[in-house]
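User: Hey, got a minute to walk me through this one? I'd like to start with the ligand.

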Amino acid sequence: MAEHVAGAPPPAKIIFGTYELGRLLGRGASAKVYHARHLPSGQSVAIKVFPKPRRTAAASASDSFIREISALRHLRHRHIVRLREVLASRSTVYLVLDFAKGGQLFSRVEDRGRLPEDLSRRLFRQLISAVAYSHSRGVFHRDLKPENLLLDDAGDLKVSDFGFAALRPSSDCDRLLHTQCGTPAYVSPEILSGKKRDGYDGAKADIWSCGVILFVLNAGYLPFNDSNLISLYRKIYCGHHRCPRWTSPDLRRLIARLLDPNPATRISIDGILHDSWFAKGLDADQKAALMRPLADDSKPHHRRLSGGELNAFDLISFSSGLDLSGFFTEGIPDCERFVVAGGAADRMVERVEQVGKSEGLVVRREGEKGSAAVVERQNGELVVRVEVHRLLGDMAVVELEKGGAAGRFWNEKLRPTLGATGDSPLARRLRNVTSGST
Ligand SMILES: Nc1ncnc2c1ncn2[C@@H]1O[C@H](COP(=O)(O)OP(=O)(O)OP(=O)(O)O)[C@@H](O)[C@H]1O
């Protein structure tokens, strides 16, 4: 293998035969984000790379990539980074996102200082448009801060990083949330106070963070800041902030209403839309256009989620699907793959082994930790090979390869014992496998 020479650009890495990974754009607590080129179209994308959790228990909704996928697949809005595709290998989950060429809004403020009031207003309107839309779809970001606000090549805002997002429970429409999330300087007093029994209103908590962001855009510094965490918390509880002298009276008033420590009296999205500073110079049509999501908003989101949880079936059916090509050798004749839940995959391997033995065939285990059962005739001719590839949590991809000698063994001996007459997803898949068998 060729060695990488220090100082030379790293060799191009092509993943799934489709994306050429480029430079590192940023790294967060949970993932690294790379620039990449979509080879068929030449388009730039950003790929967020998450190591897959090393555990066998079911993937938890608290995993940030699960949260992020669950949230982003609900959302299609011009000011929210679009999730194009989800890919996975054995060890890694890749989120393919629209590339926000302008980088972090935070860097802009850091480099050039505070923004002119009109530019703050334009970006704040875009932020509220995205936040209002997310809330209307039952998604609360919970970690809004300038580092998570990106800019595209036209300088328009794209809200990103939904790794802390919460989805409203669909059953009772209860908007009160319980997990403590976010970055201290941007977090609302009710989250800091951790009144877990009462929960908190995710919409109002996001609005507080929008208030902190608006303050930062206008001032160039944070409204609540202290190197001592306890003092910082105290300042946030009180909501005491001082706007810089250049702040217009209307903007001062709006900031005070956003940074109201009492969520019950804090301004709502509707209140913001009617605020004089926010609405300045906007006629009714322009306001409606601002709040309108993309025309094709409904397209990718027809399917109902089960309680906001995401499982591998959701992943598979999303967008162009979970591309599993990295798992397998292409071009194997009569090779089928399907996803199953629970212990069904392991039971299938055991069953293949048992039936093979009872038929006097040669049976052996292969693969990592015996994840595959191979059945052959005495002359070495392949009858059937079943291999289990672990996916997320207890979900698994079953790869089934039928050799030339599979026909009778598969149809008459094996399939009836695998319960392929029921109506489970596994049974349906097995019926399809059978109909094409030799
Ligand atoms: N779509 C994108 N286009 C361009 N750059 C991006 C994109 N997504 C992320 N980045 C860059 O990568 C950085 C890290 O991304 P992100 O905040 O999503 O990661 P994270 O691990 O979820 O972070 P956190 O620690 O805040 O949870 C961003 O701050 C940004 O600079």
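Analyst: Sure. One term first: a polar contact here is a pair of N or O atoms within 3.5 Å. Keep in mind as well that this is a predicted model.

User: Fine. Which ligand atom does the backbone of A100 reach, and at what distance?

Analyst: A nitrogen atom of the ligand lies 2.9 Å from a backbone N or O atom of A100. D98 also offers a backbone N or O atom, 2.8 Å from a nitrogen atom of the ligand.

User: And what does the side chain of S30 do?

Analyst: An N or O atom in the S30 side chain is 3.0 Å from an oxygen atom of the ligand.

User: How much of the ligand does the protein bury?

Analyst: The protein buries 89% of the 620 Å² that the ligand exposes when taken alone.

User: Which residues come nearest to the ligand?

Analyst: A29, K48, D98, Q104 and D161, out of 20 residues around the ligand. By type, the shell divides into 10 nonpolar, 5 polar and 5 charged residues.

User: Which strands supply at least two residues of that shell?

Analyst: β2 (19-27), β4 (44-51) and β6 (92-98) each do.

User: Okay, β6 then. How does β5 run relative to β6, parallel or antiparallel?

Analyst: Antiparallel, with 5 bridges joining the two strands. If you want a pair to look at, V86 stands opposite L95 in β6. β5 covers residues 83-88, and 5 of its 6 residues are buried.

User: Remind me, what do strands of a sheet pair through?

Analyst: Backbone hydrogen bonds, and the pairing can be parallel or antiparallel.

User: What's the strand order in the open sheet of 3 strands?

Analyst: The order is β7-β9-β10, with antiparallel pairing. β7 (103-104) and β10 (157-159) stand at the edges with a single partner strand each, so one side of each has no neighbour in the sheet.

User: How many bridges hold β9 and β10 together?

Analyst: 3 bridges, in the antiparallel sense, with β9 spanning residues 149-151. L149 has V159 in β10 as its bridge partner.

User: Switching topic: cysteines. How many disulfides does a search of the whole structure find?

Analyst: The count is 0.

User: Is C210 buried or exposed? And what about C238?

Analyst: C210 counts as buried because its relative accessibility is 0%. C238 has a relative accessible area of 42%, so C238 is partly exposed.

User: What caps the N-terminal end of α6?

Analyst: N228 does: a side-chain oxygen of N228 lies 3.1 Å from the backbone nitrogen of S231. The helix itself is residues 229-238. After α6 comes G239, with a positive phi near 70 degrees.

User: Now E110. Where is E110 placed?

Analyst: E110 is in helix α2, which runs over residues 105-112. E110 counts as exposed because its relative accessibility is 56%, and the cut-off for exposed is over 50%.

User: How far apart are E110 and G220, in sequence and in space?

Analyst: They are 110 residues apart in sequence and 7.6 Å apart in space, C-alpha to C-alpha.

User: Last one: V139. Buried or exposed?

Analyst: V139 is buried, because its relative accessibility is 0%. V139 lies in strand β8 (residues 139-140). From C-alpha to C-alpha, V139 and A166 are 5.8 Å apart in space, with their positions 27 residues apart in sequence numbering.

Terms used
Residues numbered from 1 in each chain as written. Predicted model: local features only at pLDDT ≥ 70, side-chain atom pairs only at ≥ 80, totals over all residues. Heavy atoms only, no water. Disulfide = S-S within 2.5 Å. Buried < 20%, exposed > 50% of the residue type's maximum accessible area, 1.4 Å probe, protein only. Near = heavy atom within 4 Å. Polar contact = N/O pair within 3.5 Å; in protein donor to acceptor, adjacent residues only side chain to side chain. Areas by Shrake-Rupley, 256 points an atom, 1.4 Å probe, with all protein chains shown as cover. Helix = DSSP H or I, 4+ residues; strand = E, 2+ residues; numbered from the N terminus. Nonpolar A, V, L, I, M, F, W, Y, C, P; charged D, E, K, R; others polar. Pairing = 2+ DSSP bridges.
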